[in-house]
Amino acid sequence: MEKKNTKPAKLKIRKGDLVKVIAGDSKGSQGKIVEIIIDKNRAVVEGANMVSKHTKPNAANPNGGIVKQEAAIHISNLALVEPSTGKTTRVGRKLNDAGKLVRVSKKSGEEIK
């Protein structure tokens, strides 16, 4: 059975956010989000979840060989790092003074840029 026109969930993390891996082989590592794959609820984090990829020789890499690169991690295994304290926090959403919906830290209540 296929899902019918389901909208992907609103993600609480964005490209460029500093996150910490809280589960899996890369647990404890921190990095910026390079890419988000909304359909699969996954994100590629800089320096985390490194995998070895075997590549054939091509113009960019004439010898081919084994290349280390980041693989996607499920967003449930990531926690946002609050810029002011450096600790992980959950993310909420709130209307600011201008009436715009913004992300806020659950721990400190500060707005996340």
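Q: Which residue in strand 6 stands opposite Val 44?
A: This is a predicted model, and in it strand 3 and strand 6 (residues 72-74) pair in the antiparallel sense over three bridges. Val 44 has its opposite residue in strand 6, and that residue is Ala 72.

Q: What is the order of the strands in the open sheet of six strands?
A: Strand 3 pairs with strand 6, and four bridges join strand 2 (residues 30-37) to strand 3. Strand 1 pairs with strand 7 over three bridges. The pairing in the open sheet is antiparallel, and the order is 6-3-2-1-7-8.

Q: Which strands stand at the edges of the sheet, each with a single partner strand?
A: The open sheet has six strands in the order 6-3-2-1-7-8. An edge strand has a single partner, so one side of it is left without a neighbour in the sheet; the edges are strand 6 and strand 8 (88-89).

Q: Which residue in strand 7 stands opposite Val 21?
A: Strand 1 and strand 7 run antiparallel and are joined over three bridges. Opposite Val 21 in strand 7 stands Leu 78.

Q: How many residues does the largest nonpolar core have?
A: Strand 1 (18-21), strand 3 (42-45) and strand 7 (78-81) each supply at least two residues of the largest nonpolar core. Those with the most contacts inside this core are Ile 13, Val 19, Val 45, Ile 73, Leu 78 and Leu 80. The number of residues in the core is 14.

Q: Which residues does Val 19 touch, not counting residues up to four places away in sequence?
A: Val 19 is among the residues with the most contacts inside the largest nonpolar core. Not counting residues up to four places away in sequence, the residues touched by Val 19 are Ile 13, Ser 29, Gln 30, Gly 31, Ile 33, Val 45, Leu 78, Ala 79, Leu 80 and Val 81.

Q: How far apart are the end C-alpha atoms of residues 12-39?
A: Residues 12-39 are covered by the annotation "domain: KOW" in an unreviewed UniProt entry. The span is 0% helix and 43% strand, and its end C-alpha atoms are separated by 14 Å.

Q: Which residue of strand 3 does Ile 37 stand opposite?
A: Strand 2 and strand 3 run antiparallel, and their hairpin has four residues between the strands. Opposite Ile 37 in strand 3 is Arg 42.

Q: What is the phi of Asn 41 near?
A: Asn 41 is found in the loop between strand 2 and strand 3, and at 23% relative accessibility it counts as partly exposed. Most residues other than glycine have a negative phi. Asn 41 is not glycine, yet its phi is positive, near 55°.

Q: Is Ser 26 buried or exposed?
A: Ser 26 is found in the loop between strand 1 and strand 2. The cut-off for buried is under 20% relative accessible area. Ser 26 has 17%, so it is buried.

Q: Which residue's backbone nitrogen does the side chain of Ser 26 reach at 2.7 Å?
A: Leaving aside neighbours within four places in sequence, Ser 26 is in contact with Val 21, Ala 48 and Asn 49. One of these residues lies in the loop between strand 3 and strand 4 (50-55), counts as partly exposed at 23% relative accessibility, and has a positive phi of about 55°. The backbone nitrogen reached at 2.7 Å belongs to Asn 49.

Q: Which side chains meet in a salt bridge?
A: The count of salt bridges comes to one. The pair links distant parts of the chain, with one residue in strand 10 (residues 101-105) and the other in the segment before strand 1, 86 residues apart. Both residues are buried. The distance is 2.8 Å, N to O, and the side chains are those of Arg 103 and Asp 17.

Q: What relative accessibility does Arg 103 have?
A: Arg 103 lies in strand 10. Leaving aside neighbours within four places in sequence, its contacts include Lys 12, Ile 13, Val 91 and Glu 110. Arg 103 counts as buried because its relative accessibility is 6%.

Q: Which side chain does a polar contact of 2.9 Å join to that of Ser 76?
A: Ser 76 has its place in the loop between strand 6 and strand 7. Its C-alpha atom is separated by 18 Å from that of Met 50, 26 residues apart along the chain. The polar contact of 2.9 Å joins the side chain of Ser 76 to that of His 74.

Conventions: Residues are numbered from 1 along each chain as its sequence is written. This is a predicted model: local features need pLDDT of at least 70, side-chain atom pairs count only at pLDDT 80 or more; totals for chains, interfaces and linings use all residues. Side-chain values use heavy atoms; hydrogens and water are left out. A nonpolar core is a set of buried Ala, Val, Leu, Ile, Met, Phe, Trp, Tyr and Cys residues joined through side-chain atoms within 4.5 Å. Buried means under 20% relative accessible area, exposed over 50%, partly exposed in between (1.4 Å probe, protein chains only). Contact means heavy atoms within 4.5 Å. UniProt positions are given in the numbering used here, feature names are shortened, and annotations may be inferred rather than shown by experiment. Two strands pair if DSSP finds at least two bridges between them. A polar contact is a pair of N or O atoms within 3.5 Å; within protein, one must be able to donate a hydrogen and the other to accept it, and residues adjacent in sequence count only if both atoms are side-chain atoms. A salt bridge is a side-chain nitrogen of Lys or Arg within 4 Å of a carboxyl oxygen of Asp or Glu.
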